[in-house]
Amino acid sequence: MPHFTVVPVKDQAQSNCDSLEGINWVDYRDTGQDYPGHQDTVSSDGHGNHKEDSPFLNSADAASKKNDFYDRNLALFEEELDIRPKVSSLLSRLVSYTNITQGAKEHEEEESASRRKTPKSPNMGTLMGVYLPCLQNIFGVILFLRLTWIVGMAGIMQSLLIVFMCCSCTMLTAISMSAIATNGVVPAGGAYFMISRSLGPEFGGAVGLCFYLGTTFASAMYILGAIEIFLKYLVPQAAIFHATDTLGSDSAMLNNMRVYGSICLSLMAVVVFVGVKYVNKLASLFLACVIISIVSIYAGAFKSMTHPPEFRICMLGNRTLVRDRFDVCAKTVMKGNITVPSQLSESFCLPGNMSSAQCDDYFNENNVTEIQGIPGLASGIIRENMWGDYQRKGEILEKAGLQSVDAHGAVENFGMYVSADIATSFTLLVGIFFPSATGIMAGSNRSGDLRDAQKSIPVGTILAITTTSLVYFSSVVLFGSCIEGVVLRDKFGDGVQKNLVVGTLSWPSPWVIVIGSFFSTVGAGLQSLTGAPRLLQAIAKDNIIPFLRVFGHGKTNGEPTWALLLTGLIAEMGILIASLDMVAPILSMFFLMCYLFVNLACAVQTLLRTPNWRPRFKYYHWALSFLGMSMCLALMFISSWYYAIVAMVIAGMIYKYIEYQGAEKEWGDGIRGLSLSAARYALLRLEVGPPHTKNWRPQLLVLLKLDEDLHVKYPRLLTFASQLKAGKGLTIVGSVVQGNFLDSYGEMQAAEQAIKNMMEIERVKGFCQIVVASKVREGIVHLIQSCGLGGMKHNTVMMGWPYGWRQSEDPRAWKTFITTVRCTTAAHLALMVPKNVSFYPSNHERFTDGNIDVWWIVHDGGMLMLLPFLLKLHKVWRKCQMRIFTVAQMDDNSIQMKKDLAMFLYQLRIEAEVEVVEMHDSDISAYTYERTLMMEQRSQMLRQMRLSSAEREREAQLVKDRHSLVRMGSLYSDEEEEVVEAPRETVQMTWTREKCEAERRNRNNAPENFRELMSLKPDQSNVRRMHTAVKLNEVIVNRSHDARLVLLNMPGPPRNTDGDENYMEFLEVLTEGLERVLLVRGGGREVITIYS
């Protein structure tokens, strides 16, 4: 066992990562020392302080040790051996592998506990570990109680078809299961483990529960079968309820089954609860009963060639009579020399009168005859049993070859005939027979005990299915060749004196079959009642279905007490149904659902060609898996379409429940691989060309700012993004971490996790992208350029407003913002800037009234029309009304504009109120002039603050200090400021006369500069822009001061970068006095169309 040592890492960068990520650095180095018990230990100095042996080559301790950590041959890799094990260490760990799910957190405790014990090496081979358990589980109650009846109803040909369909389905499933089971080490867990790890937790949970329900109902079916044998053939006197008339016998029998079934279930549950080991020890005895019973059937069939058993069937005309109702098969009997009516005649005639008028018409017209119930293998009866004879409920069993006069019979005498208790059809018989083919998972369920599971499971399972299939095929032919048709159709053996029909054929005695089948069904019921709770416990311990967690607990020895209780309750529901023929199709559905997904798992893995899909079993193909899957689906609907729909609904509900409520698991499943393949295919298809206007939707890149503690500063940006997601587009949330990538990787991961947590809180479904850059401005440019993949790239950027930019003397507070605006324009991306975003509504608020006002000043491709429409689809904005304002100049026809705009919106299928606002030419006000002057004076003053190199250096330090104060105290900054460190080098100043005079002149010029600043005249273009901003703001505030949201065209930045600061002032003036503003800038393409 390798020695694991938890050591502190001295490297500062790694220490930072540890503090951020909580990573425990584990040294996997094999010291070569022997430790008692081979337990994992932690190196310590005895005082609780961990210590580390120096890993460096020049260490004196390392040089002095003979058994140092690193071989000289591995010196090249010594830096990596801290975190990556040597091959020898890895192999030594694999040798000590225990059959516990590797890599699952929920099993780490069991794994660590198992290391303390010496693991018992599995030693079961193919015969004892797979073949015989599969035989025991496949052979069951249907073979003994129903197969003869199925042959009689369906005929030999259709019975062979039923057996072929069911056995082919299980054989194809076994091939798929063998491929999955041999694809790596299979921990103990069986079918549930294989499906869940191949198709994911959703499918695994749904199919696992279906498999559990199937196993539970199987226990109910076996118990009902055992009780039927007990009450019908072993101890008929034990019946509690008795029929008051001939028509009430069925209900009395069902009540007896319910009472005795409940008692038997309770006893079995107690046995399982008290001692499971006794159940496992008795498994061999139960298997021996099954094999002896089958051998006796074959022995009796071959013996019937020469000495057929004597079982006479009494026939009235061509109708079969219930043999235990009378003693002699004749109308009259001789008592001395006197002919008297027999018990049979007394049953059909009124007592005390031999007159034919007083007897049943059918009895009078037809003769009583006896035929051989078991003609034997050489009798040629096979020709009569070749084709089916399906019955309606209550139809009397008739032999086609016998003469009969059709006459009306009295209803009172109906109980004298053998009749069909249920209506039969091919589909019904398929559902009843299929449980005989189940049980193929027994070998995979024992994978933890097998010496070589990858070899034993395929060989043992396929051999077991082959053996059982041959037994079923031969049994169908033997039954049809040896037994009379009316006896075959006699489900409960009423015509052969209440004997088990298959028992009449057996040798040496019918009791061999009766006793053997009773014990085998009891054993199979115990096995199912033992396995089902453990399956439920495994599902509960995986923690994928929250409400099942309680069933993961049990007794101190791990026995699933609560799961056994639930299993008993569900099995009791099956027993209350009380009919074997009605329970069998239910469990057929659940097993078929399980087998369907086993085939699906194999087909998906094969078609995806997952790199990890390397099964040792080579005789599989995806076409076989699809054929098996199709057969499972077909058999589900053939046997019972309504049960099939119910089973699918149950599985679908469990799937959706796990998807939305269950714990997230990453098992490397095939569905994730399928999603990756589908995503790749879709991305390649999207790459063909740009999307059509009808398919355009906002694919958002949301630029977030994090504070010093890596918390999202303005989560309402994410809230607003989620409210826009009715367009079902892509959302990428990006942020920039300033620094060097090698040093800031841990910080980047922490930032990513913080944003993902906030996205989950705000219910934003999308992706997170963090970029580490030396400058924030460069990081944002990288995000705009590189986010997305193929056709799934963002087409819209959402960013916050740089609050506090006026208070900051550092231009970086707003230059990053304008650079981002220019980059989005250059990239032909749309831009959204929510202003006052902290006042935007949360997802829990509801606007019951109000307006969303759109100020459409210039055409932007329709973004202003589309965004409010998408917002109104969200519950927050749903009840708001949409108003669209446009601006008309003096030479525009405002009336015609309003008509045209209304028609345009009608064709766009957008409901909105339309209004045209006329803006008259007016003189520039003194307020406008004053605002422009103040703006330019401020710009000029900041420009004069950067005069000489010495002054610039001193000014940079001053700005940095002030900027730090602003940053610490600002609550509004929505844009990442860049930290510029002052130059470190020392400036050597040598004062000369000329430098001294220049410094004196600069100081004397300061008042002159101030006077020049006061006499500054504003630029006329700036005055015009300020005039437009002021006038538009007056109109917008006048009309939309009470609007819930105002959408407004965002003017583009000036081409000349010298006017950037003035541009910020224009935007401030334009949006003053408005509570919530969304500045929108189109991406240069149409995003909305009038065409369908």
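**Rings, charges and a ten-stranded sheet**

In this predicted model, the charged end of Lys 331 is perched over the ring of Phe 363, 4.5 Å from the ring's centre. A second example of this arrangement involves Trp 801: the charged end of Lys 835 sits over its ring, 5.3 Å from the centre.

Rings also meet other rings. The count of aromatic pairs comes to 27. One of them is formed by Phe 230 and Phe 518, which are tilted, with 6.5 Å from centre to centre and 35 degrees between the planes. This pair ties together distant parts of the chain, since Phe 230 belongs to helix 9 (residues 201-234) and Phe 518 to helix 19 (residues 510-541), 288 residues apart. Phe 230 has a relative accessibility of 23%, so it counts as partly exposed. Phe 518 comes out at 19%, and because buried means under 20%, it counts as buried. Then there is the pair of Phe 617 and Tyr 619, with ring centres 5.9 Å apart; their planes are at 75 degrees, so this pair is edge-to-face. Phe 617 is buried, at 12% relative accessibility, while Tyr 619 is exposed, at 66%. Rings can gather in groups too: Phe 211, Phe 434, Phe 591 and Tyr 595 make up one aromatic cluster.

Now for the chain as a whole. It holds 35 helices and 17 strands, and 49% of its 1092 residues are buried. Looking at contacts between residues at least 6 apart in sequence, 81% join residues at least 24 apart. The accessible surface adds up to about 54200 Å², and carbon and sulfur atoms account for 57% of that.

Ten of the strands line up in an open sheet with mixed pairing, in the order 10-9-8-11-12-17-16-13-14-15. Strand 10 (767-773) and strand 15 (913-918) sit at the edges with a single partner strand each, so one side of each has no neighbour in the sheet. From one strand to the next, the twist averages 20 degrees. Helix 25 (residues 716-723) packs on this sheet and touches several strands, including strand 8 (700-703), strand 12 (830-835) and strand 17 (1077-1081). The direction of helix 25 makes about 170 degrees with that of strand 8.

At the strand 10 edge, strand 9 (residues 731-738) runs parallel to strand 10, and seven bridges join the two. Val 737 has Val 772 in strand 10 as its bridge partner. Helix 26 (residues 741-761) lies across both strand 9 and strand 10, at about 155 degrees to strand 10.

Definitions and conventions: Residues numbered from 1 in each chain as written. Predicted model: local features only at pLDDT ≥ 70, side-chain atom pairs only at ≥ 80, totals over all residues. Heavy atoms only, no water. Pairing = 2+ DSSP bridges. Helix = DSSP H or I, 4+ residues; strand = E, 2+ residues; numbered from the N terminus. Axes fitted to C-alpha atoms, helices over the stretch in contact; angles between N-to-C directions. Contact = heavy atoms within 4.5 Å. Buried < 20%, exposed > 50% of the residue type's maximum accessible area, 1.4 Å probe, protein only. Areas by Shrake-Rupley, 256 points an atom, 1.4 Å probe, with all protein chains shown as cover. Phe/Tyr/Trp six-rings, centres within 6.5 Å; stacked < 30°, edge-to-face > 60°. Lys NZ or Arg CZ within 6 Å of the ring centre and 35° of its normal.
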